[in-house]
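I opened this model to look up the setting of one residue, the packing of two helices and the surroundings of the ligand. My entries follow.

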Amino acid sequence: MGASSGIGLRVAEEFASRGVKVGLAARHTTNMRKLKEKYPEFVEYSSIDITHANAPALMGELIHKLGGMDIYFHVAGIGYENLTLDPQREENIIATNAGGFARMISTAYRFFRDNNRRGRIAAVTSVAGTKGIGRLSAYSASKKCAQTYLTALEQLAHSENADIKFTDIRPGWIRTPLLLDGDKYPMEMTLDYAVPQIIKAIVRHPRVATIDWRWNLLAKAWNRLPDSLWVRMNIQISKPDSPLPKPGDNPIPTPASEEKETRAI
Ligand SMILES: NC(=O)c1ccc[n+]([C@@H]2O[C@H](COP(=O)([O-])OP(=O)(O)OC[C@H]3O[C@@H](n4cnc5c(N)ncnc54)[C@H](OP(=O)(O)O)[C@@H]3O)[C@@H](O)[C@H]2O)c1
């Protein structure tokens, strides 16, 4: 889920090119159709918006087309700084990364449990979910929510004796359309570098995989900091840095940021 771009598209292509059957889903279909044309035997796709109530039914149809599902991989998400704290933009992130996440992960869980199948659920959250990041307020909160949701369903699976394994994949910055063109992000990774590590995590299914080792060290250090210190840190996201708004700045997205939001979603 989230296979029309960036990490999801690359992971889907890697599996399809090795002869693994993959079902791709996202809202935009162009790239998914192209992959279907390249690997017609191994690819099915469907246009699904995870913020809509019809998404579980559409995913059921896609699973039916594939003839079943062994691994559910969730990568769909949006993210951007929202320094004016425009309420609609905050809510959009939560609706996709937390609401849509719960909608689809629960659908995958029910599929495995109700069909008495051994299943794996792997999801891309983020190192941003380690602690609340001021300049990524809704984004970091949504990723923490996703991480907690996976833990909750893992506990439920134990109580229900459901044979479902969970993998929480937490990358640092990876150059994809999610990032702003032209900006530099700290310890930025390429898809060529990060995707093999993500695939390893999907296949070997550790409970948590932080991508890469440098981000793993950083996340561990963040976790050790007391909140009283953490809230005094000024964590910048990219260079050039976006200026913090002044009191009274209008919380209305600029055409450029709106365009970015549309691109990222
Ligand atoms: N790139 C990074 O630095 C980074 C770091 C840590 C975590 N992540 C996470 O990795 C995931 C993928 O990001 P990416 O970097 O590959 O960005 P991306 O290229 O923008 O891909 C995002 C994917 O999510 C899909 N998506 C977004 N909203 C959706 C919706 N409502 N319904 C269905 N699909 C939706 C998009 O498809 P459509 O627009 O076609 O629907 C697209 O396929 C996100 O969850 C992101 O938070 C990224």
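I looked up whether Ala128 is buried or exposed. Ala128 is buried, because 23 other C-beta atoms lie within 10 Å; the term buried requires 20 or more such atoms within 10 Å, with C-beta atoms placed from the backbone. The model is predicted, so I note that local features need pLDDT of at least 70 and side-chain atom pairs pLDDT 80 or more, while totals for chains, interfaces and linings use all residues. Residues are numbered from 1 along each chain as its sequence is written.

I located Ala128 in the loop between β4 (119-124) and α5 (137-160); helices are DSSP runs of H or I with at least four residues, strands runs of E with at least two, numbered from the N terminus. Leaving aside residues up to four places away in sequence, Ala128 touches Ile133, Leu136, Tyr139, Ser140 and Lys143 (contact: C-beta atoms, placed from the backbone, within 7 Å).

I then turned to the helix pair. Ala55, Pro56, Met59 and Ile63 of α3 meet Arg103, Met104, Thr107 and Phe111 of α4. These contact residues comprise 6 nonpolar, 1 polar and 1 charged (nonpolar: Ala, Val, Leu, Ile, Met, Phe, Trp, Tyr, Cys and Pro; charged: Asp, Glu, Lys and Arg; polar: the others, Gly among them).

Last, I examined the ligand. I found 32 residues surrounding the ligand, the closest being Gly2, Gly6, Arg27, Gly77 and Thr176 (C-beta atom, placed from the backbone, within 6 Å). By class, this shell has 17 nonpolar, 13 polar and 2 charged residues. Helix α1 gives the largest share of the shell, 3 residues.

Notes:
Contact = placed C-beta atoms within 7 Å. Buried ≥ 20, exposed ≤ 12 C-beta atoms within 10 Å, placed from the backbone.
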